[in-house]
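I am opening a new page for this structure. My plan is to go from the whole chain down to single residues.

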Amino acid sequence: CDFYMEFMDIPPELDPESKDHAEFLARHRMDIERKGPPSVLDALKQNLRKLLADKESEMLAMKTAIAQSAEMKQQDEEDSQAQMAQLQAEMDSAASKAEQMAKSKERLLEERGAVQTRLQARITELQQQNKELRAVIREREKTVETLSENVALRDRILMAKETRLGRC
């Protein structure tokens with residue numbers, strides 16, 4: 001009887017310290033004592049079978065949970081690898097763009113330097129031409145001044161001749 005009571009299925013809602021629990025055990029003890037050893041053994045077999053079936057279903061549920069966990073872990077690893085590959089590709093792309101921008105900036109700086117050099121050469125050339133043109137203008141102004149003086153001298157000479165001719 002005690003052996004059967006040890007493996008007996010007790011409803012989980014009963015508190016082991018409560019009065020209902022004690023009454024439940026007493027009632028089942030009386031039922032068992034009334035039945036006799038063969039029926040107690042049959043009930044014990046049924047309880048053991050039920051315990052083994054429950055254990056088997058719990059084991060199956062645990063195996064399923066473990067398999068799902070392993071599958072989720074594998075999926076997470078695959079997702080992680082895919083994300084890492086995508087991030088690596090984005091980083092490579094950004095590095096490539098940065099390198100292209102650096103090359104472009106360097107090329108633009110070189111072009112700017114070349115343009116500035118050409119402009120400086122052109123400015124120097126124009127300044128030289130300006131000096132030469134000013135020298136030519138000064139020469140021409142001197143020539144014009146000399147010619148103006150000559151014309152003025154000639155006019156004075158002519159005027160002097162005319163005044164002499166007119167007096168005569």
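I started with the secondary structure of the protein chain, in what is a predicted model. I found 3 helices and 0 strands. Reading along the sequence, I noted the pattern α-α-α.

Next I looked up burial. The protein chain has 168 residues, and 7% of them count as buried. I then took the accessible surface of the chain, which comes to about 15100 Å². Carbon and sulfur atoms hold 57% of that surface.

Then I turned to contacts. I kept those in the protein chain with a separation of 6 or more. Of these, 56% join residues 24 or more positions apart.

After that I went to the surface patches. Which residues form a nonpolar patch on the surface? I wrote down Met 59, Met 62 and Ile 66. Together they have about 300 Å² of accessible area.

I picked Met 62 for a closer look. Its place is in helix H3, which covers residues 37–167. Is Met 62 partly exposed or buried? Its relative accessibility is 48%, so I entered it as partly exposed. Buried would need under 20%, and exposed over 50%.

My last search was for charge. I found a patch of negative charge on the surface, where Asp 76, Glu 77, Glu 78 and Asp 79 gather. I checked where Asp 76 sits, and it is in helix H3. Met 62 of the nonpolar patch is in helix H3 too.

Definitions and conventions: Residues are numbered from 1 along each chain as its sequence is written. This is a predicted model: local features need pLDDT of at least 70, side-chain atom pairs count only at pLDDT 80 or more; totals for chains, interfaces and linings use all residues. Side-chain values use heavy atoms; hydrogens and water are left out. Patches are made of residues with over 30% relative accessible area and no salt bridge: like charges are joined within 9 Å, nonpolar side chains (Val, Leu, Ile, Met, Phe, Trp, Tyr) within 5 Å. Accessible areas come from the Shrake-Rupley method with a 1.4 Å probe; for residues, only the protein chains shown count as cover. A salt bridge is a side-chain nitrogen of Lys or Arg within 4 Å of a carboxyl oxygen of Asp or Glu. Helices (H or I, at least four residues) and strands (E, at least two) are DSSP runs, numbered from the N terminus. Buried means under 20% relative accessible area, exposed over 50%, partly exposed in between (1.4 Å probe, protein chains only). Lys and Arg count as positive and Asp and Glu as negative; His and the chain ends are not counted. The place of a charge is taken as NZ of Lys, CZ of Arg, CG of Asp or CD of Glu. Contact means heavy atoms within 4.5 Å.
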